[in-house]
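Work through the exercises below with the model open. Try each task before reading its solution.

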Amino acid sequence: MIINNSDHETPSSNIPLFTPYKMGNFNLSHRVVLPPLSRLRSYDNIPQKHAILYYSQRTTKGGFLIAEASVVSETGRGYVHTPGIWSKEQVEAWKPIVNAVHAKGGIFFCQLWHAGRVSNREFQPNGEAPVSSSDKPLKYQPNGGFDPADFTPPRRLTTDEIPLIVNEFRIAARNAIDAGFDGIEIHGANGYLIDQFLKDQVNDRTDQYGGTLENRCRFALEVVEAVANEIGGDKVGIRLSPFADYMDCGDSNPEALGLCMATSLNKYNILYCHAIEPRMITQFTKTKSECPNSLLPMRKAFNGTFIVAGGYDREDGNKAVAEGRTDLVAYGRWFIANPDLPTRFQLDAPLNKYDRDTFYSHDPVIGYTDYPFLEIIN
């Protein structure tokens, strides 16, 4: 698409999303964030060369990008062709991707991920059952977008095994720094392992990792502490979805859960909290009615940078920043389809439509690096 810059240009100082922001030691030129987006194009769990172009396309000087969820260990795998960060080969494969982002002046974090029960024996060492906080299998959700038959019923982690998983996150964080990433984000959302400990509809434990709200938050906070001690809290963020029921993982009191986590995180002085809006009823759909819940209590309780995600457009994002409801706004689907999304938002230019059918295909080009850029005539 070709546009005339003079017809669209708006001074950045008048656009909340394009006011500079200091996130800890990082100076951001704008507040439009590329969130972690699984694309299933890391064959055999190894990041590929085509990711160099994908992430480079979406990089702006002073822009903040979070790499797709990267698995911390072999037992953490849940889907085919997701990248890992547990082996030397994976670390080396990430390096040119990170270098490409840095060459364009971007700030790049790696999301650390363990799928827990959202997995299948075929992804597990020796065909074993996946692990979780519980032995509860996933149940069918009409809007969940998954078939429970795809997932093997999990095995409940023993109390003695949990520190081993915490250590896998610690090692993965060190590996991410060794790969050149500026920091890491802990994936504590979307029904995966950490979320399976947080949410009482899954976690039915009776030991120190279950029952009370504080006990259910224990595993997540132990991961935060271990990672912060390893690489520094100023390089650590966490993603949370207390209100969501992704992957049959809901909670009876999400307001209390979100507030407990936001308050508890302050002890570790981590860089940011990245939260998914309550209005997101599935991964891709927001509620059509007015949502009574809000992330504002979490925002007020947490001392660091606050990032929101979930169904935002340009207008919503500007309003959220202007009203002080967030510091940064993450855009998923629109960033997939618009590699130059910050430029389009800045100019209020039209957006490419996204093709959901190619979100999780394995093609190295189609639906990945072939979305067009604006052609700007000055």
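A residue counts as buried when its relative accessible area is under 20%, and as exposed when that value is over 50%. Keep in mind that the model is predicted.

**Exercise 1. Place L157 in the fold, and decide whether L157 is buried or exposed.**

Solution.
- Step 1: find the element. L157 sits in the loop that runs between β8 (155-156) and α4 (162-178).
- Step 2: apply the cut-off. The relative accessible area of L157 is 3%, so L157 is buried.
- Step 3: list the partners. With neighbours within four places in sequence left aside, L157 is in contact with V131, S132, I162, I165, L193, F197 and R205.
- Step 4: check the backbone. S133 is 24 residues from L157 along the chain, yet their C-alpha atoms are separated by 5.9 Å.

**Exercise 2. Do the same for T326, then find which backbone oxygens its side chain reaches.**

Solution.
- Step 1: find the element. T326 lies in the loop between α9 (314-322) and β13 (328-330).
- Step 2: apply the cut-off again. T326 has a relative accessible area of 2%, so T326 is buried.
- Step 3: look at the polar atoms of the side chain. One lies 2.9 Å from the backbone oxygen of F306. The side chain of T326 also reaches the backbone oxygen of L328, at 2.8 Å.
- Step 4: list the partners. Outside the neighbours within four places in sequence, T326 is in contact with R299, F306, I307, V308, A320 and V321. F306 therefore appears twice: as a contact of T326, and through its backbone oxygen, a contact being heavy atoms within 4.5 Å.

**Exercise 3. Describe the whole protein: what are its elements, and how compact is it?**

Solution.
- Step 1: count the elements. The protein has 11 helices and 14 strands.
- Step 2: compare with the globule rule. The radius of gyration is 20 Å, and the rule gives 21 Å for 378 residues; the two are close, so the protein is as compact as a globular protein of that length.
- Step 3: take the box. Along the principal axes, the C-alpha atoms fill roughly 65 × 40 × 40 Å.
- Step 4: turn to burial. Buried residues account for 59% of the 378 residues.
- Step 5: check the contacts. Of those between residues at least 6 apart in sequence, 74% join residues at least 24 apart.

**Exercise 4. What does the protein expose, and how are its charges placed?**

Solution.
- Step 1: take the surface. About 15200 Å² is exposed, and carbon and sulfur atoms supply 49% of it.
- Step 2: count the charges. There are 38 positive and 45 negative side chains.
- Step 3: compare the centres. Those of the two sets lie 3 Å apart.

Definitions and conventions. Residues numbered from 1 in each chain as written. Predicted model: local features only at pLDDT ≥ 70, side-chain atom pairs only at ≥ 80, totals over all residues. Heavy atoms only, no water. Helix = DSSP H or I, 4+ residues; strand = E, 2+ residues; numbered from the N terminus. Rg over C-alpha atoms; globule rule 2.2 N^0.38 Å. Buried < 20%, exposed > 50% of the residue type's maximum accessible area, 1.4 Å probe, protein only. Areas by Shrake-Rupley, 256 points an atom, 1.4 Å probe, with all protein chains shown as cover. Lys, Arg positive; Asp, Glu negative; His and termini not counted. Charge placed at Lys NZ, Arg CZ, Asp CG, Glu CD. Polar contact = N/O pair within 3.5 Å; in protein donor to acceptor, adjacent residues only side chain to side chain.
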